[in-house]
Amino acid sequence: MCGIIGYVGNKSALPVLQRALKRLEYRGYDSAGVAILQDGRFKVVKQPGKVEKLNVLLESIPMHGKLGLGHTRWATHGVVSEVNAHPHWDCKQEIMVVHNGIIENYKHLRKELEDKGHKFLSQTDTEIIAHLVEEYYTHTLEEAVIKVLSKIKGTYAFVVASQREPEKLVGARLLSPLILGLGENGYYLVSDVTALLNETRLVVYLDDGDVVVVKKDGFQILDFKGQPRRKTSSKIQWDFSTRDKAGYPHFMLKEIYEQPEVVKRNITKYIRAEEISLSIDENILREAKHLWIVACGTAYHAGLVSEYLIERWAKIPVTVDTSSEFRYRDVVLEENTLFICISQSGETADTLAALRLARKMGIRTLAVVNVEGSTIAREADTVIYTNAGPEIGVASTKAYIAQLFILQLLGLKLAQLKNTIDIGFYKSYLTEIQMIPLYLESCLANASQIQKIADEVYNAHNFLYLARGMNFPNALEGALKLKEISYIHAEGYPGGEMKHGPIALIEDSLPVVAILSQGRVRDKMLSNLLEVKARHGKVIGIFPAGDQEVKEVCDYSIEIPAVREELSTLLVPIPLQLLAYYVAVNRKCDIDQPRNLAKSVTVE
Ligand code: AGP
């Protein structure tokens, strides 16, 4: 969702805000804006469009000051326009606010204030915060903010500044991420740690119910009643060196090519002396009688793949749910259920709420997360990091491979602890899984051939993705990647289900991406392909190298290393990602920042 930044210190604030907004832009890119306190008055520049466009405008507007607020927007309330861009202010333009989240009762509060004579400029929910602060601002800014917190309902991370207290920022968080950065020359309030790259590695992760008062020379944390709260600071370990495009045209392509390295990193971290060690209390796994996996989007697809593997190896029931459905369904979680949530960002609102629900039900929780120190990572009983590094492309790629890999290790470990697989299989699989980086390299070597296929099919209006068994969720993922970045409608479907409806879509203008692997469903999938061919469908086949019979049925062939079915689930994502990427490039789409999307969905 939106990205917010506040800075107060000894440095000129504008360059700090501009650097941070560029890094926060993947959270929302509908509009951007800054406010700088200059000679005792706020100077505001904001407009629709990307940060780049704002920076061009800022070149012609001199702004100086050591306190400022910045925002990059993912529109929830009010169209994309200059007046709806943040920062927003009060009637006298003395109080500035930037906000990420949704104030659910803003309409009612706005009416109350309009009846008192307040004039609102925008259609946003956020503007209400500035006017409410104005309404309660009798002593200090933090006292006014604490009064406001008792009035507003919803989710929020916001930062407020006032001309009356020119060296102070006040921030508050409830169900949206907010982090305090402790710098040598000042303090930062940001939505996520990537904004602090090159600024500082020392942070305080704020929790729901925190109010933070930051001044040039120090900070204080209070609760929503104004009582002091003690917090410890942490050092960000994350390797930020991968935070630029390294010569690739897009972050997405760079992150696709990083996948062998990401898997190598997790092999080094979690496989030692031919043993899996996930650095968690193994009793959590040993005692689990049922796994309940919850996630959104791509992470949900990783959960679905692992359902097949874990049930096959560990012989315990696995249920996989989308977070938004889980949290509003009357789920029955039995004793000894292990709740697992998967999230790249660790901030996805629905997944966080699902985790809190499971904890409230007294269920043990484990999070598989990429972003260090994120809320989900800190709130779960146990966390396993996926070590994919910062993922900037909105379409998730390397985080997906890392999730699939970690879940395979988790499944194997569970089976070993529950004695449901023989040691021979365990040892040989562990040896083979360490070959994955090599196999991924050879999948990447197909890139130019996949580009040629994309050149043939990028004008299609629809795509169908088919697979059976544990690669079916990969078909869902392939369709999602294409939808996200090329805006072509695409559907992932189990091959066996095709005859029950989607076969009606088959015609020669419909590309059908078919995933086949060795194993028990290979022949069934081949017959499905023959049914597609019988209706002149155009088949793009992803299958094990050397499978001539399949090759003959395909119009376009993408061969991947011939590995066992379970391992193929780790390889298939690469051709799917590359196909979506090259189709989207041909359609001149904004690959890294697709329309209407955001990297971390922190509102419902
Ligand atoms: C995937 O490419 C999308 N960006 C999106 O579906 C994403 O997977 C979903 O929003 C979940 O995000 P999370 O892993 O950060 O929780």
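This briefing walks through the open and enclosed spaces, the ligand site, two buried helices and a few notable backbone spots. The model is predicted, so please read each value as computed from that model. A good place to start is the largest pocket, which holds about 510 Å³ of space. From there we move to the ligand, whose surroundings include S343, Q344, S345, T348 and S396.

**The largest pocket**

- The lining of the largest pocket is made up of 26 residues.
- Nearest to the centre of this pocket are C296, G297, A598, K599 and V601.
- Four elements each give two or more residues to the lining: α9 (297-314), β19 (337-343), α11 (349-360) and α17.
- Among these elements, α9 gives the most, with three residues.
- Sorted by class, the lining has 11 nonpolar and 11 polar residues, along with four charged ones.

**The second largest pocket**

- About 280 Å³ of space lies in the second largest pocket.
- Its lining has 15 residues, and K22, E25, F251, I392 and Q593 are the ones that lie nearest the centre.
- Helix α1, covering residues 13-24, gives the most to this lining, with three residues.
- Charged residues number 10 in the lining of the second largest pocket, beside three nonpolar and two polar ones.

**Enclosed cavities**

- The structure has four cavities of 30 Å³ or more.
- The largest cavity has about 180 Å³ of space, and 22 residues line it.
- Y26, R27, D192, S345 and V371 lie nearest the centre of the largest cavity; S345 is also one of the residues that come nearest to the ligand.
- The lining of the largest cavity divides into nine nonpolar, seven polar and six charged residues.
- The second largest cavity has a volume of about 70 Å³.
- Residues lining the second largest cavity include C2, R73, W74 and several histidines, among them H77, H86 and H99.
- By class, this second lining has seven polar residues, two nonpolar and two charged.

**Around the ligand**

- There are 14 residues around the ligand, and S343, Q344, S345, T348 and S396 come nearest.
- A polar backbone atom of Q344 is 2.6 Å from an oxygen atom of the ligand.
- E484 brings in its side chain: one of its polar atoms lies 2.7 Å from a ligand oxygen.
- V394 uses its backbone, with a polar atom 2.8 Å from a nitrogen atom of the ligand.

**Two enclosed helices**

- Helix α17 spans residues 472-486 and has 15 residues.
- From first C-alpha to last, α17 reaches 21 Å, close to the 21 Å expected at 1.5 Å a residue.
- Because 13 of its 15 residues are buried, α17 is largely enclosed by the rest of the structure.
- Just after α17 comes Y487, whose phi is positive, near 60°.
- Helix α21 covers residues 573-586, which makes 14 residues, and it reaches 20 Å, close to the 20 Å expected.
- With 12 of its 14 residues buried, α21 is therefore largely enclosed by the rest of the structure as well.
- The buried residues of α21 include P573, P575, Y581 and Y582.
- K588 follows α21 and has a positive phi, near 55°.

**Backbone spots and single residues**

- H86 and P87 are joined by a cis peptide bond, with omega about 5°. P87 sits in the loop between β4 (67-73) and β5 (88-89), and H86 is one of the residues lining the second largest cavity.
- S279 is not a glycine, yet its phi is positive, near 45°. It belongs to the loop between β16 (275-276) and α8 (283-286), and with a relative accessible area of 61% it is exposed.
- N419 also has a positive phi, near 55°. This residue lies in the loop between α13 (398-417) and α14 (423-433), and its relative accessible area of 65% makes it exposed.
- V532 has its place in helix α18, residues 522-534. At 0% relative accessibility, V532 counts as buried.
- V532 and T268 are 264 residues apart in sequence, and their C-alpha atoms are 43 Å apart in space.

How values were computed. Residues are numbered from 1 along each chain as its sequence is written. This is a predicted model: local features need pLDDT of at least 70, side-chain atom pairs count only at pLDDT 80 or more; totals for chains, interfaces and linings use all residues. Side-chain values use heavy atoms; hydrogens and water are left out. The expected span of a helix is 1.5 Å times one less than its number of residues. Buried means under 20% relative accessible area, exposed over 50%, partly exposed in between (1.4 Å probe, protein chains only). On a 1 Å grid over the protein atoms alone, a cavity is a set of points where a 1.4 Å probe fits but cannot get out, and a pocket is an open set with protein on both sides within 12 Å along at least five of seven lines; lining residues have an atom within 4 Å of a point. Grid points are joined across faces, edges and corners, and a volume is the space filled by probe spheres set on the points. Ala, Val, Leu, Ile, Met, Phe, Trp, Tyr, Cys and Pro count as nonpolar, Asp, Glu, Lys and Arg as charged, and the others, Gly among them, as polar. A residue is near a molecule or strand if one of its heavy atoms lies within 4 Å of it. A polar contact is a pair of N or O atoms within 3.5 Å; within protein, one must be able to donate a hydrogen and the other to accept it, and residues adjacent in sequence count only if both atoms are side-chain atoms.
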